[in-house]
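Student: I have a model open and want to go through its strands and a pocket. Can we keep it short?
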Amino acid sequence: MGADTSTNTDPGVPALAELLLARGWRLATAESCTGGLIAASCTALSGSSAWFERGFVTYSNEAKTELLGVPAELIAQHGAVSEPVALAMAEGALRHAHAEVAVAVTGIAGPAGGSPDKPVGTVWIAWAVQGAPAHAVCHHFDGDRAQVREATVRDALAGVRRRLTPL
């Protein structure tokens, strides 16, 4: 499988494709702050239809609730940029897709929207693998909006690869 030369492809996508294909698994994404960039990075690789199932762009809180089943009360209690919401997004993507693994991201890419508790660059990334508990990690990325989003894509996909790589 040859790598696409598009600049929209994360360099780790070909390795991710190989890992998913070897297992016969498919990936789903649930994205807020990246607005579909993870899905775009995956689908920039020719042949991705064999392993990329679907992407949910759930930028608004309503979309998170309607498309992924994230409880509105969870968002109200913790905020959209939180561990519980990221976990619920990943689990919801897995539940609403024909996939065995899902990644979800929710964060504050900036330049506005930050707070003392959740400054610009705060991003929660969660992964869900069928049959295992979901896991989430909080990052604090530096840079402008584009850099925060790029770092989010890179770390989200690296996390999927780590979960698929045998120990």
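Student: How many residues of strand E4 are buried?
Tutor: This is a predicted model. In it, eight of the eight residues of strand E4 (residues 122-129) are buried.
Student: Which residues of E4 are on which side?
Tutor: Thr122, Trp124, Ala126 and Ala128 are on one side, and Val123, Ile125, Trp127 and Val129 are on the other. Both faces are covered.
Student: Why that alternation?
Tutor: Side chains in a regular strand alternate between the two faces of the sheet.
Student: What is the strand order in the sheet?
Tutor: E2-E1-E3-E4-E5, an open sheet of five strands with mixed pairing. Strands E2 (52-57) and E5 (135-140) are the edges, each pairing on one side only. On average, neighbouring strands are turned by 15° against each other, direction ignored.
Student: Do E3 and E4 run parallel or antiparallel?
Tutor: E3 and E4 run antiparallel, joined by seven bridges. Val103 has Trp127 in E4 as its bridge partner. E4 and E5 are also antiparallel, with six bridges, and Ala126 is partnered by Ala136 in E5. Strand E1 (residues 27-31) runs parallel to E3, with five bridges.
Student: What's between E4 and E5?
Tutor: Five residues, in a hairpin; Gly131 in the turn has a positive phi of about 85°.
Student: Switching topic: what volume does the second largest pocket have?
Tutor: About 180 Å³. Its lining has 15 residues, with Ser32, Tyr59, Val81, Gly107 and Ile108 nearest the centre.
Student: Lining by class?
Tutor: Seven nonpolar, six polar and two charged. Helix H3 (61-68) and strand E3 (101-107) each supply at least two of the lining residues.

Terms used:
Residues are numbered from 1 along each chain as its sequence is written. This is a predicted model: local features need pLDDT of at least 70, side-chain atom pairs count only at pLDDT 80 or more; totals for chains, interfaces and linings use all residues. Side-chain values use heavy atoms; hydrogens and water are left out. On a 1 Å grid over the protein atoms alone, a cavity is a set of points where a 1.4 Å probe fits but cannot get out, and a pocket is an open set with protein on both sides within 12 Å along at least five of seven lines; lining residues have an atom within 4 Å of a point. Grid points are joined across faces, edges and corners, and a volume is the space filled by probe spheres set on the points. Helices (H or I, at least four residues) and strands (E, at least two) are DSSP runs, numbered from the N terminus. Ala, Val, Leu, Ile, Met, Phe, Trp, Tyr, Cys and Pro count as nonpolar, Asp, Glu, Lys and Arg as charged, and the others, Gly among them, as polar. Two strands pair if DSSP finds at least two bridges between them. Axes are lines fitted to C-alpha atoms, for helices over the stretch in contact, and angles run from 0 to 180 degrees between N-to-C directions. Buried means under 20% relative accessible area, exposed over 50%, partly exposed in between (1.4 Å probe, protein chains only).
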